[in-house]
Amino acid sequence: MAMTVHGTGSLTFGEWETRSTDLAAALVERGVREGDRVGLVYGNGDWLDYAVAFFGAVKAGGVAVPLSDRLARADIDAMLAHCGASTVLRPGEVPRVLAAAAAPPPPTAGSLAQILYTSGTTGRPKGVSATHANLAHGCGGRRRPFAHSKHLAHAFPIGTNAGQWMLVNAVDAHPETVTLPRFTPGRFAQLIQHYEAGTVFLVPAMAIEMLAARVHERHDLSSVLLLGSAAAPLPAKIAVGLGDAFPNATITNYYTSTEAAPAQTVMIFDPDRPSSVGRPASGGAVKIATAQGEPLPTGTTGEVWMRSPAAVRAYYGDAEATGEVFRAGWVRMGDLGYIDEDGYLYLVDRESDVIKSGAYKVSTIHIEDAVYQHPDVTEAAAFDVAHATLGKAVAVAVVGPVTHEELRIFLKERLAPHELPVRLISLDALPRNHNGKVDKHALREVVR
């Protein structure tokens with residue numbers, strides 16, 4: 001099998017090839033031509049049909065535009081309009097071949113394959129375009145990835161960079177890819193146990209939920225040899241907890257972006273470097289530089305830039321934004337960080353999340369790391385709120401049974417005075433987008 005959606009069905013490589021080829025012929029018959037954008041609006045229970053639709057679209061010469069059906073209808077319509085999609089496929093709307101259609105020639109390496117919209121946590125989502133050479137970089141090697149596993153379990157959503165990574169793994173990696181229609185901690189743990197998955201991928205939000213639910217006390221997770229976290233920073237406290245819950249797993253953090261992929265840094269969790277996101281992997285590179293791309297010395301905080309080992313991506317239909325972010329093979333990540341003398345990258349903050357409070361620039365990542373050290377904190381997010389004197393000040397949202405008084409006392413020994421939160425709020429859960437990233441705009445709305 002190439003792919004299984006637990007409780008729904010499976011897809012063999014032969015079925016995938018036949019069904020996607022038939023769909024490509026139907027799309028050509030419908031009028032799809034080389035370079036036409038084809039919207040793919042699917043939910044997480046539709047991974048099998050989505051996999052067929054993606055390859056059907058690109059086999060027809062089209063450009064696949066993956067979109068999650070969990071997005072608001074207005075957002076989906078806006079993205080489809082932005083990229084000029086001529087055709088949209090949804091579950092149950094697969095066209096059939098009515099007459100013999102000439103098979104289009106295989107796409108070239110440099111032709112456009114996909115447009116993937118960013119999560120939009122800091123503004124309007126942008127469409128990131130990738131060529132076939134970019135998506136297929138590293139595929140087809142003699143050593144297939146994750147050969148230690150028969151099954152690779154994940155719960156990444158369709159329409160995300162992490163989800164597309166899993167689609168590539170389903171084609172190129174050694175194990176069969178297994179997922180489930182809807183993530184809950186218990187269901188995902190049961191999936192891992194049922195398939196004895198050797199490789200597991202998740203986002204930190206899922207890890208936090210699994211640890212809070214203590215699923216490892218009810219399910220056998222000993223089969224997992226590699227547990228990878230992606231899409232957001234992995235707090236050290238959570239990494240330690242994962243090591244306890246998955247006793248045989250190597251806990252690994254992956255840092256990249258939709259714009260920079262397949263460039264990434266990889267970090268095997270190291271208690272001596274708990275906050276590092278690792279060093280470059282897979283032929284890529286990373287540097288700390290000014291906004292103009294001029295390198296900065298070791299240990300100096302600046303902008304994080306990544307260089308992709310593959311054909312560079314771009315913003316579709318936005319030459320100005322492309323010129324700002326993509327430069328001479330390098331990609332501005334939108335993060336601030338520094339590199340130590342051993343080449344390990346540390347993130348200081350998302351550039352847009354840095355809180356300019358009075359004369360200070362405050363790192364929300366640093367604050368969150370301190371809050372997570374409290375044993376009664378399950379989740380935490382720091383963000384800015386308006387302040388009459390300072391302009392902006394720190395607020396923190398927490399999930400867990402800790403009281404505000406206890407947390408304030410706890411933080412006084414771990415944060416500088418200008419880093420201490422002026423507002424604390426307790427929530428049942430942090431608001432997140434469909435990528436699993438905390439929605440800080442929504443948090444600011446909560447405290448208004």
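**Notebook: salt bridges, domain contact and Y117**

I began with D342, which is partly exposed at a relative accessible area of 39%; here I take buried as under 20% relative accessible area, exposed as over 50% and partly exposed as in between, with a 1.4 Å probe and protein chains only. The model is predicted, so I kept to local features with pLDDT of at least 70 and to side-chain atom pairs at pLDDT 80 or more, while totals for chains, interfaces and linings use all residues. Residues are numbered from 1 along each chain as its sequence is written, and side-chain values use heavy atoms, with hydrogens and water left out.

**Entry 1: salt bridges**

I next looked for the partner of D342 and found a salt bridge to the side chain of R273, with 2.5 Å from N to O. The rule asks for a side-chain nitrogen of Lys or Arg within 4 Å of a carboxyl oxygen of Asp or Glu, and by it I count 16 salt bridges. D342 sits in the loop between β19 (330–339) and β20 (345–350), and R273 in the loop between β13 (264–268) and β14 (276–281), so this salt bridge ties together parts that are 69 residues apart in sequence. Helices (H or I, at least four residues) and strands (E, at least two) are DSSP runs, numbered from the N terminus. Unlike the partly exposed D342, R273 is buried, with a relative accessibility of 17%.

Which residues pair with D384? I found K392, in a salt bridge of 3.5 Å from N to O, and R444, whose closest N and O atoms to D384 are 3.0 Å apart. The second pair links distant parts of the chain, since D384 belongs to strand β23 (residues 379–387) and R444 to helix α12 (residues 440–446), 60 residues apart. D384 itself is buried at 12% relative accessible area, whereas K392 is partly exposed at 36% and R444 is partly exposed at 24%. I also noted that D270, R273, D340 and D342 are joined into one network by salt bridges that share partners.

**Entry 2: the two domains**

I took the domain bounds from an automatic or database assignment, which gives domain 1 (3–339) and domain 2 (353–447). Their centres, taken over C-alpha atoms, are 29 Å apart, and the contact (heavy atoms within 4.5 Å) takes 18 residues from domain 1 and 14 residues from domain 2. Between them the domains bury about 1,400 Å², 64% of it on carbon and sulfur atoms; this is the accessible area (1.4 Å probe) that two parts lose on being put together, summed over both.

How many salt bridges are there between domain 1 and domain 2? The count is 0. For polar contacts I find 3 residue pairs across the interface, both residues at pLDDT 80 or more. A polar contact is a pair of N or O atoms within 3.5 Å; within protein, one must be able to donate a hydrogen and the other to accept it, and residues adjacent in sequence count only if both atoms are side-chain atoms.

On the side of domain 1 that touches domain 2, the elements giving two or more residues are α7 (204–213) and α8 (236–245), and α7 gives the most, with 3 residues. I therefore looked closer at α7, in which 7 of its 10 residues are buried under the cut-off of 20%. These buried residues are P204, A205, M206, A207, I208, M210 and L211, and they pack against α6 (185–195), β10 (199–202), β11 (226–229), α8, α10 (364–372) and β23. After α7 comes R214, with a positive phi near 55 degrees.

I also checked the record: the unreviewed UniProt entry annotates residues 367–437 as "domain: AMP-binding enzyme C-terminal"; its positions are given in the numbering used here, feature names are shortened, and annotations may be inferred rather than shown by experiment. In the model this span is 21% helix and 31% strand, and its end C-alpha atoms lie 17 Å apart.

**Entry 3: Y117**

Is Y117, in strand β6 (residues 112–117), buried or exposed? It is buried, at 5% relative accessibility. Leaving aside residues up to four places away in sequence, Y117 touches V65, L67, M79, H82, C83, P125, K126, G127 and G159. Two of these touches I followed to their atoms: the Y117 side chain reaches the backbone oxygen of M79 at 3.1 Å, and a polar contact of 2.8 Å joins it to the side chain of H82. I noted as well that Y117 and G198, 81 residues apart in sequence, have their C-alpha atoms 31 Å apart.
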